[in-house]
Amino acid sequence: MPKPAASLASLLPQLWHRPFSPPPRLPRALSSSSSSLLTTRHIPRSRFRSSPTTHLGAAATAVTTAADPVEAPTANLYPLYDRLLPCPSQDFPPRIEHLVARKDEVAGDFISRSLSLPPLYVADLIKFGAVYYALVAPQPPPYADPAHVRIFREVTEPSLLRRRASIKGKTVREAQKTFRVTDPSQHLEAGTYLRVHVHPKRFPRNYEIDWKSRVVATTDSYVVLNKPAATAVGGSTDNIEESCVVFTSRALGLESPLMTTHQIDNCSEGCVVLSKTKEFCSVFHGLIRERQVKKLYLALTTGPVSPGIITHYMRPLNRAPRLVSEDHIGGWYLCQMEILECKKVPWPKPLITKVHKVDNCGWPKQEAAYECKINLMTGKTHQIRAQLAAIGAPIVGDSAYMTGAIAAKATPSINPYGRESLNYSSEEEKAAAVEAWVACHGKEPKSVIGLQASEISWDYEGEHHYHKAGVPWWRQDAVESDLV
């Protein structure tokens, strides 16, 4: 039977808790939030400032002492800046600033003066890995204002670039590659571009954990950590300090910091292998590439899942939500996982969900859940979460994918890659349907979801390595939780 044609009404997402708002297509490197911190007045999406003669925006440049907190200009309505620690309980809306040095500068002083930030706050940002530089400014995004574009053209004028010794022998693309600023005293050559993440993503959960108790095993080459949910294995783009790697290294008193070998989502918990040496890091990466590392997961789903192999193809776009299709699409990534068993279990008790701050996401029936044991055959970002949601059994607490599953349950044709998708008369119509489907999905969870990396094993040099995480959060009593 041919698929019915799409209509405008059929492309509208079925949302109950938020309005339709397709996410903008922004280059990640130059995007920043348009949210306001303390008021409904919007913070400009992007600022591109240069120093000393051309300085866009209203940021003050008064010199202050390192001990005094600096209040940003009232026109921008930013918070009172002092230090990054202690860690706040929640994130401020993202604020990303773009600067270009017009003369030779010292990184810390230049940022502090240009953005009216205390020198110690700037030093904290640099320690957190929240400041990046490039020898040449990147191409402005499509939404940049004319002044932004004008400055870009001035600082990237070919005759000017030819006079810069630091970029001789480099292509423009090579010179535009970004690196972290690692020291407030780092020298900046005239024309150097900076990207400053003024409000880095924070991980308050890190300060609540007894990290030694989360160590499953330690050897001369690696450490296996039972990663807590609401933490990042290696940190984030703008925060490498509040990470499992850093906190575990400190807890074990290691002289050299641990290194990441693989990732699991921030909102999931379970086994993560951290390397003590570069040699083992390389070995483990090779084992993963050759699919010699076996990973078993436990997933708490909202519906039953039949045992067997589930196959999808994932859109090769590095942004959430990850869209999957049962049909093969050229260029899309193969995703396979094997459901080994699935058993009916009670829905987590209210006290447990409250302790762990589990989002119910509006799922209509919360009486029984299903615990699935999964052999992850391919390891793509959000793979288990996206695949389970696609078959109508999203993971408990997964606000990013459950809202899409609810919408598809009410109107199956809303999913342009689902079994009951519509026929589209043009690429524009299909693109609109995809954006509507993306808008059905929620935000990434900030706490825990029902997903645990339960077991991990591999063979190397004739030795079998096997490690298992502890009891998943949904099976714990409230008194057992390290969150109480």
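This section describes selected local features of a predicted model.

The strands β19 (residues 451-460) and β20 (residues 463-468) run antiparallel and are joined by 6 bridges. Within this pairing, W458 is placed opposite H465 of β20. The hairpin formed by β19 and β20 has 2 residues between the strands, and E461 in this hairpin adopts a positive phi near 50 degrees.

Helix α9 spans residues 383-390, and 7 of its 8 residues are buried, so the helix is largely enclosed by the rest of the structure. The buried set consists of Q383, I384, R385, A386, Q387, L388 and A389. Residues with positive phi are found on either side of this helix in sequence: H382 has a phi of about 65 degrees, and G392, which follows α9, has a phi near 85 degrees. H382 belongs to the loop between β18 (368-376) and α9, and it is not a glycine. With a relative accessibility of 10%, H382 is classed as buried, because the cut-off for that class is under 20%.

A further positive phi occurs at A230, where the value is near 65 degrees in a residue other than glycine. A230 is located in the loop that lies between β11 (222-227) and α6 (244-251). Its relative accessible area is 18%, and A230 is therefore buried. As a general matter, most residues other than glycine have a negative phi, and most peptide bonds are trans.

Two cis peptide bonds are described here, beginning with the one that joins L85 and P86, for which omega is about 5 degrees. P86 is situated in the loop between β3 (80-81) and β4 (96-101). The bond between A320 and P321 is likewise cis, with omega of about -5 degrees. P321 occupies the loop between β15 (308-314) and β16 (324-325).

The loop between β7 (179-180) and β8 (187-188) contains Q186. This residue has a relative accessible area of 17% and is therefore buried. The side chain of Q186 reaches the backbone nitrogen of T182 at a distance of 3.4 Å. When neighbours within four places in sequence are set aside, the contacts of Q186 are E105, V106, A107, Y133 and V181. Q186 thus combines a buried position with a side-chain approach to the backbone of T182.

Conventions
Residues are numbered from 1 along each chain as its sequence is written. This is a predicted model: local features need pLDDT of at least 70, side-chain atom pairs count only at pLDDT 80 or more; totals for chains, interfaces and linings use all residues. Side-chain values use heavy atoms; hydrogens and water are left out. Two strands pair if DSSP finds at least two bridges between them. Helices (H or I, at least four residues) and strands (E, at least two) are DSSP runs, numbered from the N terminus. Buried means under 20% relative accessible area, exposed over 50%, partly exposed in between (1.4 Å probe, protein chains only). A polar contact is a pair of N or O atoms within 3.5 Å; within protein, one must be able to donate a hydrogen and the other to accept it, and residues adjacent in sequence count only if both atoms are side-chain atoms. Contact means heavy atoms within 4.5 Å.
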